[in-house]
2 protein chains.
Amino acid sequence: MTLQEIAKRAKVSTATVSRTINRIPTVDPVLARRVWRVIEQVGYYPNSHARTLVSGRSRIFGLIVPEITNPFFPEIVQTFTELGVKYQYEVLLSFLAQDTSLLENAARQMIERRVDGVAILTFGREDALIDVLVRQNVPVFVVDMESPEPLVKSVHIDYEHGIRQAVQHLAALGHLRIAFVSGPEHLKTVVQRKAAFLECMREIGLPISPQLLIDGDHTMAAGMTAISALAALPDRPSAVVCSNDLTAIGVMRQAFELALEIPRDLSVVGFDDIRLAQFMVPPLTTVQLSQIELADIAFRALLDSAEAPCNRSSCYEYTIKTNLVLRRSTALAPGRLRQSSCESQNIRASARP
Amino acid sequence: MTLQEIAKRAKVSTATVSRTINRIPTVDPVLARRVWRVIEQVGYYPNSHARTLVSGRSRIFGLIVPEITNPFFPEIVQTFTELGVKYQYEVLLSFLAQDTSLLENAARQMIERRVDGVAILTFGREDALIDVLVRQNVPVFVVDMESPEPLVKSVHIDYEHGIRQAVQHLAALGHLRIAFVSGPEHLKTVVQRKAAFLECMREIGLPISPQLLIDGDHTMAAGMTAISALAALPDRPSAVVCSNDLTAIGVMRQAFELALEIPRDLSVVGFDDIRLAQFMVPPLTTVQLSQIELADIAFRALLDSAEAPCNRSSCYEYTIKTNLVLRRSTALAPGRLRQSSCESQNIRASARP
DNA sequence: CTGTTAGCGCGTTCAA
DNA sequence: TTGAACGCGCTAACAG
């Protein structure tokens, strides 16, 4: 069923049908009604591809995430998509997994579909991808990356704010040996999280033992391995902060296996605040990085680029703050007297050698 | 950058460029090489929309799920998408949420994009949606629904198999009062799960008290509410089976709040076996419904319809079996002597009034 | 306010 | 084996 067909049946020109569909106000209401009636009757749906071809705009945004299987991302996809239906954009989703060839594939797909913008939310270093996209003149949104290119926009994420709260919270509870389980180093976000942790530890004079810095990969399995290693240490930590919530869940799971009770024997702090965090047993204390806010900013940045192509707004228009969410996976360090919390004020002094 | 442009620069006709790109073997290798070189140089990407328009096939499959935020679905999306890249199909994702207007929207989007098929994995009753799609001649895949229409294919899911195992497992552990927390009744899958539970209870002569049948909505919050209600009962259950894992997680979470230890005080069984289930504390015993298998079958059915349009293979080509996965959220009923498990053979008798 | 017409970028005949 | 030409379904000029 095509425009032509509708035009013929409604006894008008194709132009009139087109105008009617696009709700151009200069159409005679009588004709419009006639056209709509035919459209209803025959069940006509305009062909997006033809529209895109002639208009030069696809009304599609690309969204690239590393994987959908990590609970951090569905929330983002959801929000991004919702905004899509609100503003009449389709979203073309791509995953990277660990496969580099998929990256090329994703880029090709996006370009061939002539997307009006791409949000790259992989938290890695996707310079190559960005280059290809920009060369094709497609607006890009990316996390934490400054670029002179007007086609690329970005947000800054303030990891330190939340992590500082976490570290100080643990210190206040009397924890002196605090471990950190990191993620895959090839992720920009991971090195930033780790750096923030180290910085915050230094700030308050807490010692950092290399043994307490474990490399993970942001999976639950990694969390399990990590806590096993940590528990085997002669001088084991009383608290562990994880580079993401999945890792923290793994830690909790394996702690159960090791008969370590959380938070009595071990305090655990996650990162991200995925929705699941509050449903863990015990509920997970974690640093919130709002997935909704991120998706929202990404979408609006793209919308901006798409609707006002000449808009030269610089990157880092916004910054996203992270914040500690206190729940019940942290407690006083073992061996500490369970006194009033005003004791926490002595932590700093007592933490020094 | 267009085909024409490439043709001009390579000093060949557009037809030759087209043939080269589509790897039609009758092209002179010399010319082909020349064309490829130009394509590389200028960074040319063919326009999918133009291709679709002229070829009449979009190489896009639609995938409709209720929401991506429920961990059951990302796994499906992942598998489906992976198959997509393997077979060179794009996937157009849609969520329904609870909004009915989104359903119309999803259908419209799919049709306007001229998708080559749609997998509807919402587990509800989407007859209206299917009708619209079929009327537009788009092949459809749907769960558990027989249809004479050759355009719609389907799988059957055998819920009873796994649920029977679950019920019998609990019975064998000496549980006499087994509760069931259900999901939203508007989901076909939910009524089937519940029916299977009731049937299996009857089979072995276990009593079913209406008080022990709780209505939920497949969220963690619902699980929490449910167990609170159950725990307040004068004669409370010693085991609860949930219509999905999310509900079970909620149950476990709230049991913690109520100081009910799992599985000592309460046995919990989930349904779906989302990946998270094994990482719960304690690891959740659940009935597996393979998300990968489902996605795989859906994709292949669509592929079949798309590549061999005249293929008249009936629905229910396959059936997916469900299976109990034993983990550690179930144990002997409280008050039961912890004897050898051969005692379970008496359950049946003792369960009768 | 409406109709005619020229492409948008590509695949695919049909001749050569 | 290659090229010229047509048309996929639609929007946007322009003319009426």
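Below are legends for four close-up views of this predicted model.

Residues count from 1 along each chain as its sequence is written, chains are lettered from A and ligands numbered from 1 in the order in which they are written. Because the model is predicted, local features need pLDDT of at least 70 and side-chain atom pairs count only at pLDDT 80 or more, while totals for chains, interfaces and linings use all residues.

**View 1. Chain B laid on chain A.** A turn of 180° with a shift of 0.0 Å along the axis puts chain B on chain A with an RMSD of 0.1 Å (a least-squares fit on the C-alpha atoms of residues with pLDDT of at least 70 in both copies). That's the relation of a two-fold axis. Look for B:His49: in chain B, its C-alpha is the nearest to the axis, 2.4 Å away.

**View 2. The side of chain B that touches chain A.** Here 41 residues of chain B are in contact with 41 residues of chain A (contact means C-beta atoms, placed from the backbone, within 7 Å). The same surface serves both copies, with 100% of the contact residues of chain B recurring in chain A. Elements of chain B giving two or more residues to this side are helices H4 (48-55), H5 (72-87), H6 (100-112) and H11 (245-257), plus strand S2 (90-95). Helices are DSSP runs of H or I with at least four residues, strands are runs of E with at least two, and both are numbered from the N terminus. By class, this side of chain B has 20 nonpolar, 12 polar and nine charged residues (nonpolar is Ala, Val, Leu, Ile, Met, Phe, Trp, Tyr, Cys and Pro; charged is Asp, Glu, Lys and Arg; the others, Gly among them, are polar).

**View 3. Around DNA strand D.** The strand is surrounded by 25 residues, the closest being A:Leu3, A:Ser18, A:Ala50, B:Ser13 and B:Asp28 (near means a C-beta atom, placed from the backbone, within 6 Å). Helices H2 (14-21) and H4 (48-55) of chain A, and H2 (14-21) and H4 of chain B, each give two or more residues to this surface. H4(A) provides the largest share, five residues.

**View 4. H5(B) against H12(B).** The axes of H5(B) and H12(B) (residues 291-307) come within 8 Å and cross at roughly 40°. Axes are lines fitted to C-alpha atoms over the stretch in contact, with angles from 0 to 180 degrees between N-to-C directions. Among the residues of H5(B) that meet H12(B) are B:Phe72, B:Phe80 and B:Tyr87.

Definitions and conventions. Contact = placed C-beta atoms within 7 Å.
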